[in-house]
Each structure stands twice: as structure tokens, then as C-alpha cells.
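Good morning, everyone, and thank you for making time for this. I would like to walk you through one structure, beginning with its ligand and then turning to the pockets.

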Amino acid sequence: MRNKVIAGNWKMNKVLSEADQFADSVTASLPNDDNAEAIVCAPFPFLPSLVEKAKGSDLKIGAQNMHFEESGAFTGEVSPVMLKDLGVTHVVIGHSERREHFAETDETVNQKVHAAFNHDLTPIVCVGETLEQREANETMNHIENQVQKGLQGLSDEQVSSTIIAYEPIWAIGTGRTASSEEANEVCTQIRNIVQDITSENVAEKVVIQYGGSVKPANIDELLSQSDIDGALVGGASLEPASFLQLVEAGT
Ligand code: PEP
């Protein structure tokens with residue numbers, strides 16, 4: 001049985017006091033269930049404080065990006081060493097907003113995924129198609145390409161501990177969710193691709209999330225699907241009550 005993993009992606013939102021208030025209220029009410037994991041992926045400046053506040057609770061703290069090098073002349077970047085040192089456990093890699101606005105490619109995604117494992121961080125690797133690709137029936141090819149390239153060169157053990165987030169770009173922040181069947185169809189395909197590049201055993205273990213306008217009203221139906229093991233959530237992860245409802249759905 002795979003765990004249900006709910007990860008909030010705050011994007012570029014909140015100030016430190018709001019982040020702290022969120023952590024105080026969520027850590028006080030998080031359901032105590034080993035089968036449901038809760039992660040908040042926050043902007044870099046909030047990470048030290050969030051890690052401190054999450055100590056002793058089941059809330060895990062993730063970053064939304066990182067560089068693949070350990071240190072050096074990369075002005076403005078944050079390294080996996082820095083994240084690990086803070087006590088961060090997860091890192092989102094290859095979010096579609098980073099691919100679109102910051103020139104992330106499947107190659108840099110792959111370098112970052114390797115760097116995450118080299119520093120004992122769990123990568124949440126995002127894949128997803130544009131509306132044009134979906135309408136041109138290119139979804140499956142595109143996803144296959146992104147998954148194969150993103151996970152290239154990883155050991156079976158590393159693949160089995162990767163979290164893959166299927167996020168159709170047309171459903172992110174638009175209020176338009178993929179139907180649970182549409183989402184599951186692609187998540188099943190992702191599991192099959194993982195099986196092709198590793199083994200059935202690894203594919204059975206890998207956690208595959210859906211992301212794209214997930215909210216308390218649609219999470220139950222999404223999580224009831226055979227290959228959806230959790231959600232990567234933007235807007236609905238910003239308020240403690242709504243985030244807690246999403247985590248509760250995974251219990
Ligand atoms: C996201 O940020 O990855 C996301 C899916 O956003 P939203 O839930 O707001 O669509």
C-alpha cells in the first residue's frame with residue numbers, strides 16, 4: 001500500500017509572519033496517520049523558521065527549486081547542501097512555471113534530481129502537457145519523454161523513492177481540474193513508464209501525485225483513483241483549514 005502524500009506548493013506567496021502562523025496552526029491539528037504525509041514547499045526565506053516550527057510534528061518542509069551544484073559562482077541560487085543543512089526534506093523539481101519562466105529543461109531537471117538524491121532530499125518531479133499538446137493527442141508521448149529524461153540514470157531504489165507529480169499545465173491555477181479519470185489515465189501511464197525503465201516492483205512503490213486546481217471539494221474523488229497517490233496543491237494549500245482538509249482526505 002502506497003502512502004497518500006499531500007504537498008502544498010505556496011509559490012511566491014506569504015510573508016514570514018504568515019508562514020509562521022500557518023505552521024503553528026497546521027502542526028497543532030495535523031491528523032496522526034502514518035499513511036498520510038503532509039509537506040509544505042515554501043519560498044526559501046521561510047524555510048529555517050518552518051523547519052524549526054515543524055520539529056516534533058509530522059509536517060515536512062520542502063523547497064520549490066534548487067541548483068544542482070553544491071556551491072560556486074551561481075548568483076541568486078540555492079544549493080542542495082544548503083537545503084539539507086537547514087533540515088529540508090523535499091524539493092520540487094521541474095515545476096511547469098520554472099520550465100516556462102526560468103528555462104528549466106528535462107536535462108536540468110535530471111541534474112537536479114540526481115543532486116537531490118546525492119544530498120538525501122526527496123525530489124517531487126513535475127511533468128505535464130500544455131492544452132495544445134493535449135488537443136493534438138500528444139499527451140502520452142510528451143509525458144513519456146519527460147519521465148524518461150527526468151529519471152535517467154537513477155538507481156531502482158532512487159526511482160522508487162521519487163515522487164512524480166502529474167500536473168497538466170492547463171489545469172494549474174485555472175480552476176479547471178482534469179477529471180479524475182483523465183488524471184488517473186495519465187498517472188497509470190506514468191506508472192507503466194516507470195515499470196518499463198525499472199521493474200514492476202519499483203513501479204508499485206513510486207508515489208504519483210496529481211496537481212492542478214485540487215481543492216477540498218475534489219480531492220476525495222481524485223484520491224479514490226487507482227494510480228493517484230496524493231496531490232501537489234497550489235492555491236488550496238495556502239490556508240491552514242483547507243490544507244488540513246486535503247491531508248485529512250489522505251487518511
Ligand atoms: C501547483 O502549484 O503546482 C498547482 C497545481 O497549483 P493550483 O493547485 O493552484 O492549480
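If we sort the shell around the ligand by residue class, we find four nonpolar residues, eight polar ones and two charged ones. I should say straight away that what you see is a predicted model, so please keep that in mind, because local features are taken up here when their pLDDT is at least 70.

Which residues of the shell come closest to the ligand? There are 14 residues surrounding the ligand, and the closest are K11, H95, E167, G173 and S213.

Let me now go through some polar contacts, one by one. In the side chain of K11, which I have just named among the closest residues, an N or O atom is 2.9 Å from an oxygen atom of the ligand. For N9, a polar side-chain atom lies 2.9 Å from an oxygen atom of the ligand. With G234 the backbone takes part, and there a polar backbone atom is 2.8 Å from an oxygen atom of the ligand. As for how far the ligand is covered, on its own the ligand has 290 Å² of accessible area, and the protein covers 95% of it.

That brings me to the pockets. Where does the ligand sit? The answer is the second largest pocket, which has a volume of about 190 Å³. This pocket is lined by 18 residues, and those closest to its centre are G173, G212, S213, G234 and G235. G173 and S213 are thus names we have met already, since both are among the residues closest to the ligand. By class, the lining of the second largest pocket consists of five nonpolar, ten polar and three charged residues.

The largest pocket, for its part, holds about 390 Å³ of space. Its lining is made up of 15 residues, with K11, M12, Q64, R98 and F102 lying nearest the centre. Helix 4, which spans residues 96–101, supplies three residues, and that is the largest share of the lining of this pocket. In the lining of the largest pocket, seven residues are nonpolar, five are polar and three are charged.

How values were computed:
Residues are numbered from 1 along each chain as its sequence is written. This is a predicted model: local features need pLDDT of at least 70, side-chain atom pairs count only at pLDDT 80 or more; totals for chains, interfaces and linings use all residues. Side-chain values use heavy atoms; hydrogens and water are left out. A residue is near a molecule or strand if one of its heavy atoms lies within 4 Å of it. A polar contact is a pair of N or O atoms within 3.5 Å; within protein, one must be able to donate a hydrogen and the other to accept it, and residues adjacent in sequence count only if both atoms are side-chain atoms. Accessible areas come from the Shrake-Rupley method with a 1.4 Å probe; for residues, only the protein chains shown count as cover. On a 1 Å grid over the protein atoms alone, a cavity is a set of points where a 1.4 Å probe fits but cannot get out, and a pocket is an open set with protein on both sides within 12 Å along at least five of seven lines; lining residues have an atom within 4 Å of a point. A molecule sits in a cavity or pocket if more than half of its atoms lie within 2 Å of its grid points. Ala, Val, Leu, Ile, Met, Phe, Trp, Tyr, Cys and Pro count as nonpolar, Asp, Glu, Lys and Arg as charged, and the others, Gly among them, as polar. Grid points are joined across faces, edges and corners, and a volume is the space filled by probe spheres set on the points. Helices (H or I, at least four residues) and strands (E, at least two) are DSSP runs, numbered from the N terminus.
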